Amino acid sequence: NSIVFTYQWDYFVSPSYFVQLVEGYRRDVTVVDKELLRRSWYYNQLQRKDPNVLKGIMPYVKGFLKAVEPFENGENFNASLLENYYRKIMTGIAESNASARDYFILPELVDNEMKRGEFVLPKGYSLVPLWFGYKLTKGNSYVASDIPVLKIRFPKHGDAYSDFVKKVISEMYINRAFYEKSFGKIDKARAWIGLGLKYNPTFILPSELYKIYVHQ
C-alpha cells in the first residue's frame, strides 16, 4: 500500500507496468511517474489504479487539467500557471498521502529536482535513506531499518542497466551508512558500508566513513 515517486522509466516505471499489470505482482504498490504528471491522460490512469492517491489535491488537479488543455491542443497557454500547478501537485501528493501510507522518493528526484528547487518536500517532513530510495517521514526522529539480506540476480556479463542498478544500490547503502553514523550507530554504519562496497568495490568512501570502516 505504499507509493513510489520516480521518473526512472527504463529502470523502474516501465518494468512496474509489466510486473503489476501483466504478472499481477505487488499491485498494492502505486508507482507515480513524475514526468507523466505533465499529461492530462495520466490522471485518469492514476485514479483507476488508486482512487485515493489524488483525493487530497483535486483542486490542484482540476486547475492543472484546465491549464494544460490549450497546451495539449497546440494553442496559447500560460506556462508559469502550468508549472505552478505541476509543482503544487508533486508536493501535494506527498503531503496528502504520507501520513496514511509509506511514501518513497527515488534518488534521481533528490539528486536533481530537489537540489534545483523544482520539487519541495511538504513542511515538517524529512527524507530517510531506506534501502533503494528515501522514505518521507514526519519530523527528524531516527527510523530503524533491518540490514537487507537479498539475492539480486544480475546478468553474468553485465550491461548498462545492471551497472546502473548496482550504482544506485551502492550509493543508497552508503547514504544509509551516513544516516546511521549521524545517530551514533557506528556498527550499523559499518554494516551498510560493507554492503555498499559489495555492489561497487571501487566506490571511494568519504573520509568520515572510511575512518570508521577501516578501524573496526
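Here follow questions and answers on a predicted model of one protein chain.

Colleague: What should I know about the ground rules of this model?
Modeller: Residues are numbered from 1 along each chain as its sequence is written, and side-chain values use heavy atoms, with hydrogens and water left out. The model is predicted, so local features need pLDDT of at least 70 and side-chain atom pairs count only at pLDDT 80 or more, while totals for chains, interfaces and linings use all residues.

Colleague: How many helices and strands does the chain have?
Modeller: Helices (H or I, at least four residues) and strands (E, at least two) are DSSP runs, numbered from the N terminus. Their order from the N terminus is β-α-β-α-α-α-β-α-β-β-α-α-α. The count is eight helices and five strands.

Colleague: What percentage of the residues of the chain count as buried?
Modeller: Buried means under 20% relative accessible area, exposed means over 50%, and partly exposed is in between (1.4 Å probe, protein chains only). The C-alpha trace spans about 60 × 40 × 30 Å along its principal axes. Of the 216 residues, the buried portion is 41%.

Colleague: Which element gives the largest share of the largest nonpolar core?
Modeller: A nonpolar core is a set of buried Ala, Val, Leu, Ile, Met, Phe, Trp, Tyr and Cys residues joined through side-chain atoms within 4.5 Å. This one has 33 residues, and F5, V32, L37, I93, Y103 and I105 touch the most other members. Elements that give two or more residues include strand 1 (3-6), helix 3 (58-72), strand 3 (103-105) and strand 5 (133-138). The largest share, six residues, comes from helix 4.

Colleague: Which residues does Y103 touch?
Modeller: Contact means heavy atoms within 4.5 Å. Residues up to four places away in sequence are not counted. The partners of Y103 are I3, F5, M90, I93, A94, N97, A98, Y134, K135 and L136.

Colleague: How many residues are in the other core, the one with I169?
Modeller: That core lies apart from the largest one. Among its members are I169, L195, L197 and Y199. The total is 13 residues.

Colleague: Is helix 7 roughly parallel or roughly perpendicular to helix 8?
Modeller: Axes are lines fitted to C-alpha atoms, for helices over the stretch in contact, and angles run from 0 to 180 degrees between N-to-C directions. The axes of helix 7 (residues 186-199) and helix 8 (residues 207-214) come within 9 Å and cross at roughly 100 degrees. Angles under 35 degrees count as roughly parallel, over 145 as roughly antiparallel, 65 to 115 as roughly perpendicular and the rest as oblique. So helix 7 and helix 8 are roughly perpendicular.

Colleague: How do the residues of the contact of helix 7 with helix 8 divide?
Modeller: I186, A189, R190, I193, G194 and L197 in helix 7 meet L209, I212 and Y213 in helix 8. Ala, Val, Leu, Ile, Met, Phe, Trp, Tyr, Cys and Pro count as nonpolar, Asp, Glu, Lys and Arg as charged, and the others, Gly among them, as polar. The split is seven nonpolar, one polar and one charged.

Colleague: At what angle do helix 2 and helix 3 pack?
Modeller: S40, Y43 and Q47 in helix 2 meet M58, V61, F64, L65, V68 and E72 in helix 3. Those residues divide into six nonpolar, two polar and one charged. The axes are 9 Å apart, and the angle is about 145 degrees.

Colleague: Which residues of helix 5 are buried?
Modeller: Their cover includes strand 1, strand 3, strand 4, strand 5 and helix 6 (160-182). Just after helix 5, G117 takes a positive phi of about 80 degrees. The buried residues are P107, E108, L109, V110 and E113.

Colleague: Is E180 buried or exposed?
Modeller: E180 sits in helix 6. It touches Y142, K185, K188, A189 and W192, leaving out residues up to four places away in sequence. With a relative accessible area of 0%, E180 is buried.

Colleague: What is the phi of W131?
Modeller: W131 lies in the loop between strand 4 and strand 5. At 29% relative accessibility, W131 counts as partly exposed. Its phi is positive in a residue other than glycine, near 60 degrees.
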